[in-house]
Amino acid sequence: MGKMMRTAVATGRVSSPLQSAAKTSQGFFQLNIKALLGEDHAIFHDEELQQVQNVLLRHISSLRRTYNHYCKLGDKDSGILYRMEFWKFIKDTKIYLKLSMPESDSVISTSLELECEVERQSPFTRFLFREFLQAIVFLSVHIYAASVVRENGSFISKCLSGLLEDHVLTLDVSINAGYSHSHRTNKQYIERCWKIYMILNKRTKNGFTFTKYSVLF
C-alpha cells in the first residue's frame, strides 16, 4: 500500500478529494450554462463550468437532502421533483422576495429549454436532480448578476455561492414536514384545477392566455 502511494506521489498522480469527486461526477452534472455567458464570454465557458461544479460539489450533500425532501412532498415513491414542489422550494427559501414567483418560474423553464408550452406551465413537470441544480444556477445569475463583480471564469460561481449562502443552505427542511401534495385528495383537486385551466385557456400567437371572460364563464 505504502509503495503504491509513494509511486503515485513520484508520478504526480495524487488527486485531491475534490478533484476525485469532480472526475467521478463529470457525467453526472452535465450542466448547460452557455445561455448565461453570452457570446462575449463564451471563451471562458470551460473555466466557468468547472467553478460552478466545484461550488455544487462542496454542498452536494445538503443540496441532495433538500431535493429529496421536496420530492417526498409531491410523490414519496417517485424520487423525482415536481414543479409544484419546486414552487414551494422557492417560497420556503424566500427566493421569491428577490425574484417574483412568475419570474422565477420563467427562469426555471428557460433553464430546461422546454419547448412545449404545456410543460412550461404544468405543475406536473418533473425535474431530475441535475435539472434542479441547473435551475438553481440560472436563478442565481438572474438574482445576483447586478451585484457580483464580473470576473471571467468565476462570475457564475460567485452568483451561485451567493444564492446558496443567502437562501438554500440556511433552509430548515423540517419545516412543514406534514405538508404534501401527494395526498390523494390534494392530488385530485390539483389535477382537476389543471384540467379546468387548460380548458379555459385559449391558444394565441403569444402563447396561453387566460381572460377575465373565461373566469366569469
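# Why these labels fit

User: What makes Lys88 count as buried?
Analyst: Lys88 has a relative accessibility of 9%. Buried means under 20% relative accessible area, exposed means over 50%, and partly exposed is in between (1.4 Å probe, protein chains only). Since 9% is under 20%, Lys88 gets the buried label. A word on the source: this is a predicted model, where local features need pLDDT of at least 70, side-chain atom pairs count only at pLDDT 80 or more, and totals for chains, interfaces and linings use all residues. Residues are numbered from 1 along each chain as its sequence is written, and side-chain values use heavy atoms, with hydrogens and water left out.

User: Why are Asp92 and Lys88 called a salt bridge?
Analyst: The rule asks for a side-chain nitrogen of Lys or Arg within 4 Å of a carboxyl oxygen of Asp or Glu. For Asp92 and Lys88, the closest N and O atoms are 3.3 Å apart, so the pair passes. The two sit 4 residues apart in helix α7 (residues 83-92), which puts about one helical turn between them. Helices here are DSSP runs of H or I, at least four residues long, and strands are runs of E, at least two, numbered from the N terminus. Asp92 also counts as buried, at 11% relative accessibility.

User: How do you know that Lys98 and Asp166 are a salt bridge?
Analyst: Their side chains come to 3.8 Å, N to O, so they stay within the limit. Lys98 is in the loop between α7 and α8 (101-112) while Asp166 is in helix α11 (residues 155-168), so this bridge ties together parts 68 residues apart in sequence. Both ends are partly exposed: Lys98 at 46% and Asp166 at 42%.

User: And what makes Glu131 and Arg130 qualify as a salt bridge?
Analyst: Their closest N and O atoms are 4.0 Å apart, which still falls within 4 Å, so the pair counts. The accessibility labels split here: Glu131 is buried at 18%, whereas Arg130 is partly exposed at 24%. By this rule the structure has 4 salt bridges.

User: Why is the Tyr67 and Phe132 pair called tilted?
Analyst: Let's begin with the tally, which is 8 aromatic pairs in the structure. The ring centres of Tyr67 and Phe132 are 5.4 Å apart and the planes are at 50°, so this pair is tilted. The rule behind that: rings of Phe, Tyr and Trp (its six-membered ring) pair if their centres lie within 6.5 Å, and planes under 30 degrees apart count as stacked, over 60 as edge-to-face and the rest as tilted. Tyr67 belongs to helix α6 and Phe132 to helix α10, 65 residues apart, so the pair links distant parts of the chain. Both Tyr67 and Phe132 are buried.

User: What makes Phe86 and Phe89 an edge-to-face pair?
Analyst: For Phe86 and Phe89, it's 5.8 Å centre to centre with 75° between the planes, and 75° is over 60, so edge-to-face it is. They lie 3 residues apart in helix α7, about one helical turn. Phe86 and Phe89 are both buried. They also join one aromatic cluster with Tyr67, Tyr70, Phe127, Phe129 and Phe132.

User: Which residues have the most contacts inside the largest nonpolar core?
Analyst: Phe86, Phe89, Phe132 and Ile156 do, in a core of 44 residues. Helices α4 (34-37), α5 (45-58), α6 (60-74), α7, α8, α10 and α11 each supply at least two residues of it, and α10 gives the most, with 11 residues. A nonpolar core is a set of buried Ala, Val, Leu, Ile, Met, Phe, Trp, Tyr and Cys residues joined through side-chain atoms within 4.5 Å. Counting contact as heavy atoms within 4.5 Å and skipping residues up to four places away in sequence, Ile156 touches, among others, Ile33, Leu36, Val52 and Val137.

User: How do you know that Thr93 is buried?
Analyst: Thr93 comes out at 4% relative accessibility, which is under 20%, so buried is the label. Thr93 sits in the loop between α7 and α8. Beyond its neighbours within four places in sequence, Thr93 is in contact with His167, Val168 and Leu171.

User: Is Ala145 buried, partly exposed or exposed, and what makes it so?
Analyst: Partly exposed: 33% for Ala145 is neither under 20% nor over 50%. Ala145 is in the loop between α10 (129-144) and α11.
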